[in-house]
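Here is a walk through one protein model, aimed at someone who would rather look at contacts than read a list. Keep the viewer open as you go.

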Amino acid sequence: MTDLKKHFAVIGNPIHHSLSPQIHRAFAKENGLHIAYEAILSPLDQFTNTMHKLIAQKLSGVNVTLPFKKEAYQLATTHSSHARIAEAVNTLEFKQGEMIGHNTDGIGLVRDLEQNLDIHLKNKKILLIGAGGAAEGVIYSMLEKKPSELTLTNRTIEKSNVIQKKMDVHAKSFNVHLNVIEIPKCPHQYFDVIINATSASLSDANLNIDHKVFHEGSLAYDMMYDKETSFIREAKSRGSKVSDGLGMLVEQAAEAFFIWHHIKPQTKSVIESLRAL
Ligand code: ATR
C-alpha cells in the first residue's frame, strides 16, 4: 500500500528534549491531517549529510533547532525575508526542487506576547538581553511591531554593537530607536518588556543584571520554557509579570505548520496541554 502520509522532522543536537513532534502531531490531529513527524539527532559535524539523507527520503519539511540554524541558512537555496535578515533558518520547505529557508522564531515570540499575553509592542520600550542566535532571530519581528525603543544588552557588549549596526537600517525604516546599553546601566531606565534571550538559563547562571530593572507593570519574558530561571524568580520578587517561552515555542511551530500545510492551527489548547505536563 502506498504511504500517503506526508513526512516531517525536527533536526538538532541534542534533540531528545524537543517538543516539536508532540506539537506538530497535535496540530495535525486537530486538523484531520495524516502526517508523520519525528525527531532526528544529527552528529554535530554531519548536518549537511543528515539533511541530504532526509531529502532523499522525500520529506516534505524540516524544522531545524540548535545548533544548526546557521548551517540550515547556508544550505537553503532561497530564503524568506525573516530568514535572510536573521541569517538563520528554523523551518525548511521543499517545493519544486527548491529548499526554502524560513525563520518563524520572531513571529512566534511576537504572537505569544501580543495574542497570548496581550502585550502589544507598538510604542513600548523593550530590553533584549543576549546577542546570540536566539536574540538575533527575533529582532526584526519586534521592529516590525514598531516599539518606541529596542535596547540591546549582552555580557559581551561588542556583540550587541555588531547586531545594532546590522539592524539599524531596519530600525530606522520602522522608526524605532535601536540602542545598546551595558548590563549594569539597565536599572536607570524603565522597560515595558524585558526579554531574556541568553543561554544562561540552560545552566541557571545569574545574568548579573540589577534586579531594579524589574518593575511592577513590566513583563519579564524568558525564552527558556522548561524550568523557572533565576531571571524569572528575580522578576517575580520585584512584582513584574512573568512568562516563560513555551508560548513562543508553540507559536513558532504554528507558523511552520502554516507554511507547510496552509492551515493556521489553534495554539491555545496545545500550550495548555504542554503546560499541564
Ligand atoms: P543562542 O543561539 O542560544 O543565542 P549563543 O549564540 O551561544 O546561543 O548565544 C548565547 C548568548 O547567551 C550570548 O549572548 C551569551 O553572552 P556572550 O555573548 O557574552 O557569550 C549569553 N550568555 C550565555 N551564558 C551567559 C551568562 N552566564 N551570563 C550572561 N550571558 C550569558
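Helix α5 lies across three strands, β10 (193-196), β11 (219-222) and β12. Its direction makes an angle of about 145° with β11. Helix α6 also packs on the sheet, where it touches β7, β8 and β10, and it runs at about 170° to β7. Bear in mind that this is a predicted model.

Now for the sheet itself. It is open, has 6 strands and follows the order β9-β8-β7-β10-β11-β12, with parallel pairing. Why do β9 and β12 each have one side without a neighbour in the sheet? Both stand at the edges, β9 (177-180) and β12 (241-243), and each has a single partner strand, so one side is left free of a neighbour. From one strand to the next, the twist averages 15°.

Take a look at β7 and β8, a parallel pair joined by 5 bridges. Lys125 has Glu149 in β8 as its bridge partner. The two also form a salt bridge, with their closest N and O atoms 3.7 Å apart. Lys125 belongs to strand β7 (residues 125-129) and Glu149 to strand β8 (residues 149-153), so to speak two distant parts of the chain, 24 residues apart, that this pair links. Is each partner buried or exposed, or something in between? Lys125 has a relative accessibility of 33% and counts as partly exposed, because the buried class ends under 20% and the exposed class starts over 50%. Glu149, at 14%, counts as buried.

That pair is one part of a wider set: the structure holds 12 salt bridges. Three of them, including the one just described, are set out here.

| Salt bridge | Closest N to O distance |
|---|---|
| Arg111 with Glu255 | 3.0 Å |
| Lys125 with Glu149 | 3.7 Å |
| Lys166 with Glu136 | 2.4 Å |

What does the Lys166 and Glu136 salt bridge tie together? Lys166 sits in helix α7 (residues 157-173) and Glu136 in helix α6 (residues 133-144), so the pair joins parts that are 30 residues apart in sequence. Lys166 is partly exposed, with a relative accessible area of 27%, whereas Glu136 is buried at 14%. There is a third member here too: Glu87 is linked with Glu136 and Lys166 in a network of salt bridges.

Next comes the Arg111 and Glu255 pair, whose side chains meet in a salt bridge of 3.0 Å, N to O. Arg111 is in helix α5 (residues 105-116) and Glu255 is in helix α9, so parts 144 residues apart in sequence are tied together. Glu255 is buried, with a relative accessible area of 12%.

Helix α9 (residues 246-261) also holds Trp260. This residue is buried, since its relative accessible area is 7% and the class covers values under 20%. Which residues does Trp260 contact beyond its neighbours within four places in sequence? They are Phe8, His24, Tyr37, Gly61, Val62, Asn63, Thr91, Leu92 and Glu93. As for Glu93, it is 167 residues from Trp260 along the chain, yet the two C-alpha atoms are separated by 6.7 Å.

Terms used. Residues are numbered from 1 along each chain as its sequence is written. This is a predicted model: local features need pLDDT of at least 70, side-chain atom pairs count only at pLDDT 80 or more; totals for chains, interfaces and linings use all residues. Side-chain values use heavy atoms; hydrogens and water are left out. Helices (H or I, at least four residues) and strands (E, at least two) are DSSP runs, numbered from the N terminus. Buried means under 20% relative accessible area, exposed over 50%, partly exposed in between (1.4 Å probe, protein chains only). Contact means heavy atoms within 4.5 Å. A salt bridge is a side-chain nitrogen of Lys or Arg within 4 Å of a carboxyl oxygen of Asp or Glu. Two strands pair if DSSP finds at least two bridges between them. Axes are lines fitted to C-alpha atoms, for helices over the stretch in contact, and angles run from 0 to 180 degrees between N-to-C directions.
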